[in-house]
Every structure is written in C-alpha cells, then in structure tokens.
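Student: I've got a chain to look at and some quick things to ask. Can we go through it together?

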Amino acid sequence: MNWKNRLIRRNKDDLSPERMFRALKNQVGRVRMDNEPPTRDPESFSRYVCDLCHSSGPLSGLRQCVICGRWGCSSCWHDEYYLCRSCGGIMNLLLLDVHAPIPADTGKKVIQGDIPTEDPS
C-alpha cells in the first residue's frame, strides 16, 4: 500500500499542471536523455525501434516522451497527455480520485477485557 500513498493526490490543489508534471517526473526514471536518438533497427538501414513494443518503423513515426525519454510508435502513444503509454498509465493513476469505502456502523464496539461488546449508549 506504500506506493498508493505516493500516487493518490491529497487535495484539489494537487491538480495544477505544474504539480502533476512534477509528481509524474518524481515517479518515473529517465530511460533516455532529451534528443537522444532512438535505437536503429539492425535489420534495416533507415528504420528505428520503438522502445515500448520493439517494432521497427521510420523515424518520422516515432515520438519521444517528455517524461521518460522513450521513443514510441503511434500504437504505444497516449495522445490525450502527449506521453508514451507507460507514462500515460501512471498519469491516469495520479489523476484517480480514490475514496475509501466507509463501512456502515451498527454500533460502537467497546472492548472490555478480551471480549468485544456493544456500546450501551
């Protein structure tokens, strides 16, 4: 449960774009530096490899994630946040508004000795 405590936002102020970007950068380590080229496909001269699904394609079909630095093809890209699928999934977790279910109390339990009993009041 420790990882959930770091991902769940604490209040509505945490929804600002600067805080969300900072929280995502803290959760994800860099795989590649900015503008570091993608890996070349060893079977082809002019094709490159997607870091997520390992498919090959032209350089124009790959985009670099601003959070982790991975190069992703169109099928591994999350257009909603302009992030790779991996970082986009973490962003979805950061945006979750999780409310713990509160169990219905039928009465308070008071422990007397080792035997729990109902509260008379």
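Student: What is C53 in contact with, leaving aside neighbours within four places in sequence?
Tutor: C53 is in contact with C73 and C76. Contact means heavy atoms within 4.5 Å. Bear in mind that this is a predicted model: local features need pLDDT of at least 70, side-chain atom pairs count only at pLDDT 80 or more, and totals for chains, interfaces and linings use all residues. Residues are numbered from 1 along each chain as its sequence is written, and side-chain values use heavy atoms, with hydrogens and water left out.

Student: How far apart are the C-alpha atoms of C53 and C76?
Tutor: They are separated by 7.1 Å. Along the chain, C53 and C76 are 23 residues apart.

Student: Where does C53 lie?
Tutor: In the loop between strand 1 (48–49) and strand 2 (56–57). Strands are DSSP runs of E, at least two residues, and helices are runs of H or I, at least four residues; both are numbered from the N terminus. C53 counts as partly exposed because its relative accessibility is 35%. Buried means under 20% relative accessible area, exposed over 50%, and partly exposed in between, with a 1.4 Å probe and protein chains only.

Student: H54 is in that loop too, between strand 1 and strand 2. What is its phi?
Tutor: Phi of H54 is positive, about 65°, although H54 is not a glycine. Most residues other than glycine have a negative phi. H54 is exposed, with a relative accessible area of 60%.

Student: Which residue in the loop between helix 2 and strand 1 should I look at next?
Tutor: Try N35, which is found there. Phi of N35 is near 65°, again a positive value in a residue other than glycine. N35 is exposed, at 71% relative accessible area.

Student: Back to cysteines. How many disulfides does a search of the whole structure find?
Tutor: Zero. A disulfide is a pair of cysteine sulfur atoms within 2.5 Å.

Student: Why is C65 not bonded to C87?
Tutor: The sulfur of C87 is the closest cysteine sulfur to that of C65, but at 3.8 Å it is too far for a bond. C65 is buried, with a relative accessible area of 1%.

Student: And which cysteine sulfur is nearest to that of C84?
Tutor: That of C68, 3.6 Å away, and C84 is in no disulfide. C84 counts as buried, at 0% relative accessibility.

Student: What touches H78, not counting residues up to four places away in sequence?
Tutor: H78 touches L83, C84, R85, G88 and N92. H78 lies in strand 5 (residues 77–78). At 11% relative accessibility, H78 is buried.

Student: New topic. At what angle do helix 2 and helix 3 cross?
Tutor: Roughly 125°, with the axes of helix 2 (residues 17–27) and helix 3 (residues 85–95) coming within 10 Å. Axes are lines fitted to C-alpha atoms, for helices over the stretch in contact, and angles run from 0 to 180 degrees between N-to-C directions. The two helices are therefore oblique to each other. Angles under 35 degrees count as roughly parallel, over 145 as roughly antiparallel, 65 to 115 as roughly perpendicular and the rest as oblique.

Student: Which residues make the contact?
Tutor: From helix 2, M20, A23, L24 and Q27; from helix 3, C87, I90, M91, L94 and L95.

Student: Last one. How many helices and strands does the chain have?
Tutor: Three helices and eight strands. From the N terminus on, the elements run α-α-β-β-β-β-β-β-α-β-β.
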